[in-house]
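I opened a fresh page for this protein chain. My plan is to look up a few things and write down what I find.

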Amino acid sequence: MRHLLKSLLILLANLLVAPLLLLHALKVPLLGKDRALEGSSQLLALLPGVSGQYLRRAFLGWTIRHCHRSATVSFGVIFSKCDCVLGENVYLGPYCSLGSVHIGKDTLVATMVQIPSGGRMHGIGDLTKPIREQEGVWETVKIGENCWIGSGAVVMASVGRDTVVGAGSVVTKALPEKVIAGGVPAKVIRGREG
């Protein structure tokens, strides 16, 4: 019975987001896929409660690379790149901001985590040009399965599966599997095995 109810709620959510998907489709040729997604996700981010989670998930299922039907996208989460993957049972806490990121199944991302599209999105090498005019490098940040990213962390490099990133940490270099890391910049504190 519960499975049937969830399936009906998912269907209803898809029907309810249809007008927003149409508006989004009209914005894409004018703004581009990423800018259109950012604006639409800002609007959807304001919908509270479980109904907001169902509507965000339904919308993202049509607009990003992959959003598993079991993913939870909380209030205030903003997406800026269509190249996002949210695996099975991914949890995104309130007020997260995501660029190009692939998040593996069973990973938990706490409140106010920032995951931009790598750490070199803005060029800074030419002092004769404003930073906004310099070319950057956009990268996809990969977070493995069964990770925990603590509140307020900034993740600019990939994180191996089964890894814990402490609250407030800044990940500037890739972290291996099965470790606990923390600090600014984040460093491995210890392994998670035995």
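Is Cys96 buried or exposed? I looked up its relative accessible area and found 1%. Cys96 is therefore buried, since buried means under 20%. I keep in mind that this is a predicted model.

**Entry: cysteines.** I searched for disulfides next. The count is zero. I then checked two cysteines by name. Cys84 is in no disulfide, and its nearest cysteine sulfur belongs to Cys82, 8.0 Å away. A disulfide needs two sulfur atoms within 2.5 Å. Cys84 has a relative accessibility of 0%, so I noted Cys84 as buried. Cys96 is in no disulfide either; the nearest cysteine sulfur is that of Cys84, at 12 Å.

**Entry: the whole chain.** I stepped back to the overall fold. I listed three helices and 16 strands. How does the radius of gyration compare with the globule rule? The chain comes to 18 Å, and the rule gives 16 Å for 194 residues. Those values are close, so the chain is as compact as a globular protein of that length. I also looked up the box that the C-alpha atoms fill. Along the principal axes it is roughly 55 × 45 × 20 Å. Of the 194 residues, 42% are buried.

**Entry: a sheet.** I traced one open sheet of seven strands. Its order is S2-S5-S8-S11-S13-S15-S16, and the pairing is mixed. Which strands sit at the edges? They are S2 (72-73) and S16 (187-191), and each pairs on one side only. I then picked one pair inside this order. S5 (residues 91-92) and S8 (residues 108-109) run parallel, joined by two bridges. In one of my checks, Leu92 had Val109 of S8 as its bridge partner.

**Entry: a cavity.** I looked for enclosed empty space. How many cavities of 30 Å³ or more are there? I found one. The largest cavity has a volume of about 40 Å³. Its lining is Ser41, Leu44, Arg56, Phe59, Leu60, Val73, Val77 and Phe79. Helix H2 (33-44) and helix H3 (49-63) are the elements that each give two or more residues to this lining. H3 gives the largest share, three residues. I sorted the lining by class as well. Six residues are nonpolar, one is polar and one is charged.

Note on methods:
Residues are numbered from 1 along each chain as its sequence is written. This is a predicted model: local features need pLDDT of at least 70, side-chain atom pairs count only at pLDDT 80 or more; totals for chains, interfaces and linings use all residues. Side-chain values use heavy atoms; hydrogens and water are left out. On a 1 Å grid over the protein atoms alone, a cavity is a set of points where a 1.4 Å probe fits but cannot get out, and a pocket is an open set with protein on both sides within 12 Å along at least five of seven lines; lining residues have an atom within 4 Å of a point. Grid points are joined across faces, edges and corners, and a volume is the space filled by probe spheres set on the points. Helices (H or I, at least four residues) and strands (E, at least two) are DSSP runs, numbered from the N terminus. Ala, Val, Leu, Ile, Met, Phe, Trp, Tyr, Cys and Pro count as nonpolar, Asp, Glu, Lys and Arg as charged, and the others, Gly among them, as polar. Buried means under 20% relative accessible area, exposed over 50%, partly exposed in between (1.4 Å probe, protein chains only). Two strands pair if DSSP finds at least two bridges between them. The radius of gyration is taken over C-alpha atoms; the globule rule is 2.2 Å times the number of residues to the power 0.38.
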